[in-house]
Amino acid sequence: AEAAITKKNLDKEYLGITGLPEYNRLAAELAYGADSEVIKAGRLVSAQSLSGTGALRIGAEFLGRFYQGKGGKKVYLPTPSWGNHANIFRDAKVESGTYRYFDKKTNGLDFEGMKEDLNNLPDESVIFLHACAHNPTGVDPSPAQWEELGKLIKAKGHLPFFDMAYQGFASGDPTKDAFALRHFVATGHSVMLAQSFAKNLGLYGERVGLFSVVVADKDEAKRVESQVKILIRPMYSNPPISGARIVTTVLGDPALRAKWEEEVKFMADRIISMRAQLRGHLENTYKSKKNWEHITSQIGMFCYTGLSADQVDRLKNEFSVYLTRDGRISIAGITTGNVQYLAESIHEVTK
């Protein structure tokens, strides 16, 4: 893709405030679907952003300035969430609260607690949701649970704000990973979305993402886009061009897109394989008596192992295995060469 771009000898002129139009279209279609009704009807406002963090900041600033829901200018995050989420909203002068999400007893989803909390929040609250591959736990609702959550959130009049940083990188299928977002939109929710191409295209340093919001009609879209531009202008004027051109080239060229889909599936499958091997060694090689089912039921780059802080310290001090003290490991860092040693080390500190 970069070689093809270089051959075109393109200029380096400024982009418009909301970025490269073709990039915005292709990125939105990847998230919402090429046949999305909201795109066809002109009901989607989008702006190229400085990766996912920048998209989140645009959304936070937008909420802080314009949201008039009964729940107030406050966003509710899952417990836990990515460490930077609360910081982003705080710096945009938007208060944050929490709702139950991860169950430490099962290392899975506290679905009943989540529903109870969302139902008890003030009507028309802003609910922050990880679209797939929840960071940092790797715990996602099932499709049936997403459908139930959609009904609850709609009944309460809540505004869903999705963060989708791992589309394609969770299951290996970008369409499957977009299920929650597309289901909510198809069932009549107005949503906000932050996208990133750091992980699924490996464009960490290019800082390329997309902020988008579903609105009622074309007239509202014009008004919202105008206000989004007013927000962006004093923050960074306009986004960089290089990363957007790369994404546009990959998603817009059938051969390159097919190659990308093949490669992102390969990476997702490798992570899934490492999860299976780690669990397999714990249960079969070392005959661990603990339940390690959560290693394979969780998804994406990260895993909440259920290890205590003391056990993490033992891994570091006795086995030179390093992970965060909440027990989170990066599955992407596991290889066929170290997975058995990791399993043995975990077994030794948990037996």
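The exercises below walk through a predicted model, each with a worked solution.

In this predicted model, local features need pLDDT of at least 70 and side-chain atom pairs count only at pLDDT 80 or more, while totals for chains, interfaces and linings use all residues. Residues are numbered from 1 along each chain as its sequence is written, and side-chain values use heavy atoms, with hydrogens and water left out.

**Exercise 1. The sheet**

Give the order of the strands in the open sheet, and explain why β1 and β3 each have one side without a neighbour.

Step 1. Helices (H or I, at least four residues) and strands (E, at least two) are taken as DSSP runs, numbered from the N terminus, and two strands pair if DSSP finds at least two bridges between them.

Step 2. Strands of a sheet pair through backbone hydrogen bonds, either parallel or antiparallel. Here seven strands are arranged as β1-β9-β8-β7-β6-β2-β3, with mixed pairing.

Step 3. Because β1 (44-49) and β3 (95-100) stand at the edges and each has a single partner strand, one side of each is left without a neighbour in the sheet. From one strand to the next, the twist averages 20 degrees.

Step 4. For one pair in detail, take β7 (residues 159-164) and β8 (residues 192-196), which run parallel and are joined by four bridges; Asp-163 has Ala-194 in β8 as its bridge partner.

**Exercise 2. Helices on the sheet**

Find which strands are touched by helix α6, and which strands helix α10 lies across.

Step 1. Contact means heavy atoms within 4.5 Å, and the axes are lines fitted to C-alpha atoms, for helices over the stretch in contact, with angles from 0 to 180 degrees between N-to-C directions.

Step 2. Helix α6 (residues 111-120) packs on the sheet and touches β3 and β6 (126-130), its direction making about 140 degrees with that of β3.

Step 3. Helix α10 (residues 218-236), in turn, lies across β1 and β9 (209-214) and runs at about 15 degrees to β1.

**Exercise 3. The nonpolar cores**

Name the residues that touch the most other members of the largest nonpolar core.

Step 1. A nonpolar core is a set of buried Ala, Val, Leu, Ile, Met, Phe, Trp, Tyr and Cys residues joined through side-chain atoms within 4.5 Å; buried means under 20% relative accessible area, exposed over 50%, and partly exposed in between (1.4 Å probe, protein chains only).

Step 2. The largest core has 83 residues, and those touching the most other members are Tyr-32, Phe-162 and Leu-278. Helix α2 (residues 21-32) gives the largest share of this core, seven residues.

Step 3. Leaving aside neighbours within four places in sequence, the contacts of Tyr-32 include Val-38, Leu-44, Leu-193 and Val-214. Another core, of 30 residues, lies apart from the largest one, and among its members are Tyr-67, Phe-211, Val-213 and Val-224.

**Exercise 4. Empty space**

Describe the lining of the largest pocket and of the largest cavity.

Step 1. Rolling a probe the size of a water molecule over the atoms shows where empty space is left. On a 1 Å grid over the protein atoms alone, a cavity is a set of points where a 1.4 Å probe fits but cannot get out, and a pocket is an open set with protein on both sides within 12 Å along at least five of seven lines; lining residues have an atom within 4 Å of a point. Grid points are joined across faces, edges and corners, and a volume is the space filled by probe spheres set on the points.

Step 2. The largest pocket holds about 320 Å³ of space. Its lining has 19 residues, with Phe-62, Tyr-67, Leu-159, Val-213 and Glu-220 nearest the centre, and α4 (51-66), β9 and α10 are the elements giving two or more residues to it.

Step 3. The largest cavity holds about 30 Å³, and its lining includes Pro-78, Tyr-99, Met-114 and Trp-146. Strand β6 gives the largest share of that lining, three residues.

**Exercise 5. Unusual backbone places**

Locate the residue Pro-80 and the residue Glu-124, and describe the backbone at each.

Step 1. Pro-80 is in the loop between β2 (74-79) and α5 (83-91), and a cis peptide bond with omega of about 0 degrees joins Thr-79 to Pro-80.

Step 2. Glu-124 sits in the loop between α6 and β6. Although Glu-124 is not a glycine, its phi is positive, about 60 degrees, and at 27% relative accessibility this residue counts as partly exposed.
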